[in-house]
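I am opening a notebook on this structure and will write down each thing I look up, in the order in which I look it up.

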Amino acid sequence: MVVMSKLPDEFGYVVLTAVTSSFMVGYLGHRVSKARKEFEVPYPQMYSDSQPVFNCIQRAHQNTLESYPQFMFFLTFAGLQYPRTATAFGLVYIASRCSYAHGYSTGDPKKRSRGLYGIPALFGLMGMTISFAAHQLGWV
C-alpha cells in the first residue's frame, strides 16, 4: 500500500488557491447582501417574487455554493500529486465563477454562460483526483 509520507513542496500553492476561493465565495455573498438592500428583499426570504435581478444575483451565489464542496475536494486531492497544475486549474475555476456571477447578475440568465470556461477546469481537477487515487491504489 502506497502512503504519502509528506506533502509536496509546492502544496502551499494549492492551499493559497483554496484561500482565494473562500474570498470569491465571500465576495459573491457580499453582492447578495448588497442586492438585498437595493431590491428590498428581507431575510430569510431566499428569492423575490418581483425582483428578477435580485434572483439572478442570489442564484449565482447559490449555484457557486452548490458546487463548492466538489471543487474543494478535487482541488485538495489533485494538488497532492499535481500541485502546480491543480493550482492553475483552480484559479481558472475561481475566475470562471466570478465571470458566471457577473454575467448572471445582469438580469439576463443567458449571460451566465460567460463563466462556462470553468467547467473544463473542474473536470481537469476531477481527472487529476482520479489519477491520484489510482496511484495511491497502485493501479498505475
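**Entry 1: Phe 77**

In which helix is the place of Phe 77? I looked it up and found Phe 77 in helix α2. Before going further I note that this is a predicted model, and I will keep that in mind on every page.

Next I asked whether Phe 77 is buried, exposed or partly exposed. Its relative accessibility is 31%, and because buried means under 20% and exposed means over 50%, Phe 77 counts as partly exposed. Leaving aside the neighbours within four places in sequence, I found Phe 77 in contact with Thr 129 and Phe 132. I also looked at the backbone, where the C-alpha atoms of Phe 77 and Met 126 are separated by 8.9 Å, although these residues are 49 apart along the chain.

**Entry 2: the chain as a whole**

I stepped back to see what Phe 77 belongs to. The chain has four helices and zero strands, and when I read along the sequence the pattern is α-α-α-α. I looked up the extent of the chain next, and its C-alpha atoms fill a box of roughly 60 × 25 × 20 Å, taken along the principal axes.

Of the 140 residues in the chain, 40% are buried. The chain exposes about 8100 Å², and carbon and sulfur atoms supply 66% of that area. Among the contacts with a separation of 6 or more, 68% come from residues 24 or more positions apart. For the charges, I noted 12 positive and 7 negative side chains, and the centres of the two sets lie 3 Å apart.

**Entry 3: the nonpolar cores**

Which residues touch the most other members of the largest nonpolar core? They are Phe 71, Leu 75 and Leu 125, in a core of 25 residues. The elements that give two or more residues to this core are α1, α2, α3 (83–104) and α4 (118–136), and the largest share, eight residues, comes from α2. A general remark belongs beside this: in soluble globular proteins, nonpolar side chains tend to be buried together.

I then followed Leu 75 by itself. Not counting residues up to four places away in sequence, Leu 75 touches Val 14, Thr 17, Ala 18, Ala 86, Gly 90 and Leu 125. There is also a second, separate core of six residues, which includes Val 32, Phe 39, Phe 54 and Ile 57.

**Entry 4: the loop between α1 and α2**

I turned to the loop between α1 (11–39) and α2 (52–81), where Pro 44 has its place. A cis peptide bond joins Tyr 43 and Pro 44, with omega at about 0°. Glu 40 lies in this loop as well, and Glu 40 has a positive phi of about 55° although it is not a glycine. I wrote both down since most residues other than glycine have a negative phi, and most peptide bonds are trans. As for its surroundings, Glu 40 counts as exposed because its relative accessibility is 69%.

**Entry 5: Asn 55**

Asn 55 lies in helix α2, and I asked what its side chain does there. A polar atom of the Asn 55 side chain lies 2.7 Å from the backbone nitrogen of Ser 48. Leaving aside the neighbours within four places in sequence, Asn 55 is in contact with Tyr 47 and Ser 48. Asn 55 has a relative accessible area of 18%, so this residue is buried.

**Entry 6: two places in α4**

What does the side chain of Ser 131 make a polar contact with? The partner is the side chain of Tyr 82, at 2.6 Å. Ser 131 is found in helix α4 and counts as buried because its relative accessibility is 19%. Not counting residues up to four places away in sequence, Ser 131 touches Gln 81 and Tyr 82.

Gly 118 also lies in helix α4, and at 2% relative accessibility Gly 118 counts as buried. Leaving aside its neighbours within four places in sequence, Gly 118 is in contact with Tyr 93 and Ser 96. My last entry concerns Gly 118 and Arg 97, which are 21 residues apart along the chain and whose C-alpha atoms are separated by 7.2 Å.

Notes. Residues are numbered from 1 along each chain as its sequence is written. This is a predicted model: local features need pLDDT of at least 70, side-chain atom pairs count only at pLDDT 80 or more; totals for chains, interfaces and linings use all residues. Side-chain values use heavy atoms; hydrogens and water are left out. Buried means under 20% relative accessible area, exposed over 50%, partly exposed in between (1.4 Å probe, protein chains only). A polar contact is a pair of N or O atoms within 3.5 Å; within protein, one must be able to donate a hydrogen and the other to accept it, and residues adjacent in sequence count only if both atoms are side-chain atoms. Contact means heavy atoms within 4.5 Å. A nonpolar core is a set of buried Ala, Val, Leu, Ile, Met, Phe, Trp, Tyr and Cys residues joined through side-chain atoms within 4.5 Å. Accessible areas come from the Shrake-Rupley method with a 1.4 Å probe; for residues, only the protein chains shown count as cover. Lys and Arg count as positive and Asp and Glu as negative; His and the chain ends are not counted. The place of a charge is taken as NZ of Lys, CZ of Arg, CG of Asp or CD of Glu.
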